[in-house]
Amino acid sequence: MEYSPHQSAFIETALNPNSKQFVLLYAEPGMGKTTAMVGLIGQLLEEKPIARILVLGPAALAAHWLAVLNEKDIAAYLVDRYKFRELLQAGKRNSS
């Protein structure tokens, strides 16, 4: 995947073990934030395939994120608050 210079710089900074633990990605709409994040997620999963990554965002963007991640062959699941509660309850039943 081709990244613009600012996207590549973001990914490198976020993956650099010497960088700060908190990296803020902020830009106007259309600047490629989603692409940069998907690139970062892809690289993280490449380095650690068993990792799990949580993406929080507005409900209006959920379907878009799901589509973009799946487009890049990154397994992704949409979990709203109802599904989350259901998963929590299932976990409690299985741990008893």
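User: Buried means under 20% relative accessible area, and exposed means over 50%. With that cut-off in hand, is Gln7 buried or exposed?

Analyst: Happy to start there, and do keep in mind that this is a predicted model. Gln7 lies in helix α1. Its relative accessibility is 7%, which is under the 20% limit, so Gln7 counts as buried.

User: Which residues does Gln7 touch, leaving out those up to four places away in sequence?

Analyst: The count takes heavy atoms within 4.5 Å as a contact. With the residues up to four places away set aside, the partners of Gln7 are Met31, Gly32, Thr35 and Ala36.

User: How far is Gln7 from Ala76, going by their C-alpha atoms?

Analyst: Along the chain, Gln7 and Ala76 are 69 residues apart. In space, the separation of their C-alpha atoms is 22 Å.

User: Let's step back to the whole chain. In what order do its elements run from the N terminus on?

Analyst: The protein chain has 4 helices and 0 strands. Read from the N terminus, the order is therefore a run of helices, α-α-α-α.

User: What share of the residues in the protein chain is buried?

Analyst: The chain has 96 residues, and its C-alpha atoms fill a box of roughly 50 × 30 × 25 Å along the principal axes. It exposes about 8000 Å², with carbon and sulfur atoms supplying 58% of that area. Of the 96 residues, the buried share is 15%.

User: Among contacts between residues at least 6 apart in sequence, what share joins residues at least 24 apart?

Analyst: A contact here means heavy atoms within 4.5 Å. Among the contacts between residues at least 6 apart, the share joining residues at least 24 apart is 59%.

User: How far apart are the mean positions of the positive and negative charges?

Analyst: The protein chain carries 10 positive and 9 negative charges. Taking the mean position of each set, the distance between them is 14 Å.

User: On to helix α2. Which of its residues are buried?

Analyst: Helix α2 has 15 residues and reaches 21 Å from its first C-alpha to its last, close to the 21 Å expected at 1.5 Å a residue. The cover over its buried residues includes α1 (5–15) and α3. Those buried residues are Ala36, Val38, Gly39, Leu40 and Ile41.

User: How far apart are the end C-alpha atoms of helix α3?

Analyst: Helix α3 covers residues 59–71, which makes 13 residues. At 1.5 Å a residue it should span 18 Å, and the model agrees with that, the end C-alpha atoms being separated by 19 Å.

User: Within what arc do the buried residues of α3 fall, seen down its axis?

Analyst: The buried residues of α3 are Ala62, Trp65, Val68 and Leu69. Seen down the axis, they line one face of the helix, because they fall within an arc of 145 degrees.

User: Which residues on the other side of α3 are exposed?

Analyst: The buried residues of α3 have a cover that includes α2 (33–47). On the other side of α3, the exposed residues are Ala60, Ala63 and Glu71.

User: What phi does Asp73 have?

Analyst: Asp73 follows α3 and sits in the loop between α3 and α4. With a relative accessible area of 73%, which is over 50%, Asp73 is exposed. Although Asp73 is not a glycine, its phi is positive, at about 60 degrees.

User: Where is Leu54 found?

Analyst: At 69% relative accessibility, Leu54 is over the 50% cut-off and so counts as exposed. Its C-alpha atom is 16 Å from that of Lys33, which is 21 residues away along the chain. As for its place, Leu54 is in the loop between α2 and α3.

User: Is Leu24 buried or exposed?

Analyst: Leu24 lies in the loop between α1 and α2. The C-alpha atoms of Leu24 and Ala14, 10 residues apart along the chain, are separated by 9.3 Å. Its relative accessibility is 64%, over the 50% limit, so Leu24 counts as exposed.

User: Finally, how far is Tyr82 from Leu25 between C-alpha atoms?

Analyst: Tyr82 belongs to helix α4 (residues 81–95). It is exposed, because its relative accessible area of 51% is over the 50% cut-off. Tyr82 and Leu25 are 57 residues apart along the chain, and their C-alpha separation is 29 Å.

Terms used
Residues are numbered from 1 along each chain as its sequence is written. This is a predicted model: local features need pLDDT of at least 70, side-chain atom pairs count only at pLDDT 80 or more; totals for chains, interfaces and linings use all residues. Side-chain values use heavy atoms; hydrogens and water are left out. Helices (H or I, at least four residues) and strands (E, at least two) are DSSP runs, numbered from the N terminus. Buried means under 20% relative accessible area, exposed over 50%, partly exposed in between (1.4 Å probe, protein chains only). Accessible areas come from the Shrake-Rupley method with a 1.4 Å probe; for residues, only the protein chains shown count as cover. Lys and Arg count as positive and Asp and Glu as negative; His and the chain ends are not counted. The place of a charge is taken as NZ of Lys, CZ of Arg, CG of Asp or CD of Glu. The expected span of a helix is 1.5 Å times one less than its number of residues. The arc is that of the directions from the helix axis to the C-beta atoms.
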